[in-house]
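Colleague: I should be grateful for a close look at the sheet, together with the elements that accompany it. Please take the strands in turn and then move outward to the helices and the ligand.

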Amino acid sequence: MTPPPFLRPPILRALLALGGSALATLGFVQALWRLAGSDPPLWTKLLFAGAVAVAIGAALSLPRWWLAILASAPAALIGALALDAPGWVYALALTLCLLLAANSPGERVPLYLTGAATRRALCGLIAQDAPVRAVDLGCGTGGPILALAAANRHPQSRFLGVETAPLPFAAAWLRAKAARDPRISICWRSLWRVDLGGFDLVYAFLSPEPMPRLLAKAAAEMTDGALFVSNEFTDPAYVADQQLTPNGPAGRRLNLWRAPIRPVAAN
Ligand SMILES: C[S@@+](CC[C@H](N)C(=O)[O-])C[C@H]1O[C@@H](n2cnc3c(N)ncnc32)[C@H](O)[C@@H]1O
């Protein structure tokens, strides 16, 4: 089922699924009470609530990882309340979540970091002694962009990381300051507002969600010869020119496109 436009943000669909599941569970408990005169055990209610939330979420076309969150949400909520922790603990947990991933519901990109083997493979894609302009779109805590800067010695190179989640941005910014390398900048900026035309290497490690739009942006803006690298995620409309498997065949892949990037149909 295609959700109506006002339900496009997955967080709204997830909340709707949880609301529906709460109502259905209430109905389920009352029906059992009337029929059998007994209150079902807590685990039955939680299982029922999780299953209904997943069913509604699936009907609203939520992706699989949202369904996993919905399945565990009722138990997690009851567990958190049972802890009976002081109010500030919940406030702190919420604040931390917001600082870590306030942009996730809109962008549908969670925070996870590029591993060491992939960083090394990425660094192998740039020259060591020639000027390079590289950007990490959603630089997280700065690992890949700092590694790229460390792998290149040319004083005219430029390394830009953009980020819109507060805590990762602060970490990347502080790490860049500590590196004392004037060629590195970490900016609070949406990746959608970066003109990709000025870069030799564009790196992204996001999620499946933004890839169709991002590859179309790369195809429209990147200059011929420049390299677009996406860690793991791609879009069937844009077949990668090359794939690297720095973590072995079962690990995450680096997908490489050399501009001009064209969708499959236009090749
Ligand atoms: C999977 S993490 C990758 C972090 C880093 N590039 C790495 O590989 O270690 C994706 C990052 O993109 C950020 N992000 C998501 N949407 C963004 C946007 N529109 N503009 C800038 N950053 C964004 C997230 O906050 C998150 O830190």
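Modeller: In this predicted model, the sheet is open and has 7 strands in the order 3-2-1-4-5-7-6, with mixed pairing. Its edges are formed by strand 3 (184–188) and strand 6 (242–244); each has a single partner strand, so one side of each is left without a neighbour in the sheet. From one strand to the next, the twist averages 20 degrees.

Strand pairing in general rests on backbone hydrogen bonds, in either a parallel or an antiparallel arrangement. Here, strand 1 (residues 133–137) and strand 4 (residues 201–204) run parallel and are joined by 4 bridges. Within this pair, Leu 137 has Ala 204 of strand 4 as its bridge partner. Strand 4 is also joined by 4 bridges to strand 5 (residues 227–231), and these two strands run parallel. In that pairing, Val 202 is matched with Phe 228 in strand 5. Strand 5 and strand 7 (residues 254–258), by contrast, run antiparallel, with 5 bridges between them. Ser 230 stands opposite Asn 255 of strand 7. Helix 8 (residues 166–179) packs on the sheet, where it touches strand 2 and strand 3, and the direction of helix 8 makes about 160 degrees with that of strand 3.

The ligand brings strand 2 into view again. A shell of 23 residues surrounds the ligand, and the closest are Glu 107, Thr 114, Gly 138, Gly 140 and Ala 165. Two or more residues of this shell come from each of helix 7 and strand 2 (158–163). By class, the shell holds 13 nonpolar, 7 polar and 3 charged residues.

Helix 7 (residues 143–151) in turn packs with helix 6 (residues 116–123); their axes are 9 Å apart and the angle is about 45 degrees. That angle makes helix 6 oblique to helix 7. The crossing of these two helices is right-handed. From helix 6, Arg 119, Leu 122 and Cys 123 take part, and they meet Gly 143, Pro 144, Ala 147, Leu 148 and Ala 151 of helix 7. This contact comprises 6 nonpolar residues, 1 polar and 1 charged.

A further group of helices lies earlier in the chain, and helix 1 takes part in two packings there. The axes of helix 1 and helix 2 (residues 42–59) come within 8 Å and cross at roughly 140 degrees. Helix 1 is therefore oblique to helix 2. This crossing, too, is right-handed. Among the residues in contact are Ala 14, Ala 17, Leu 18, Ser 21 and Phe 28 of helix 1, and Phe 48, Val 52 and Ile 56 of helix 2. The contact of helix 1 with helix 2 divides into 13 nonpolar, 4 polar and 2 charged residues.

Helix 1 (residues 10–36) also packs with helix 3 (residues 64–82), at an angle of about 35 degrees and with the axes 11 Å apart. Helix 1 passes helix 3 in a right-handed crossing. Pro 10, Ala 14, Ala 17, Leu 18 and Ser 21 of helix 1 meet Trp 66, Ile 69, Leu 70, Ala 73 and Pro 74 of helix 3. This contact has 9 nonpolar residues, 1 polar and no charged. Ala 14, Ala 17, Leu 18 and Ser 21 thus appear in the contacts of helix 1 with both helix 2 and helix 3.

Terms used. Residues are numbered from 1 along each chain as its sequence is written. This is a predicted model: local features need pLDDT of at least 70, side-chain atom pairs count only at pLDDT 80 or more; totals for chains, interfaces and linings use all residues. Axes are lines fitted to C-alpha atoms, for helices over the stretch in contact, and angles run from 0 to 180 degrees between N-to-C directions. Angles under 35 degrees count as roughly parallel, over 145 as roughly antiparallel, 65 to 115 as roughly perpendicular and the rest as oblique. A crossing is left-handed if the near helix is turned anticlockwise from the far one by less than a right angle, and right-handed if clockwise. Two residues are in contact if their C-beta atoms, placed from the backbone, lie within 7 Å. Ala, Val, Leu, Ile, Met, Phe, Trp, Tyr, Cys and Pro count as nonpolar, Asp, Glu, Lys and Arg as charged, and the others, Gly among them, as polar. A residue is near a molecule or strand if its C-beta atom, placed from the backbone, lies within 6 Å of it. Two strands pair if DSSP finds at least two bridges between them.
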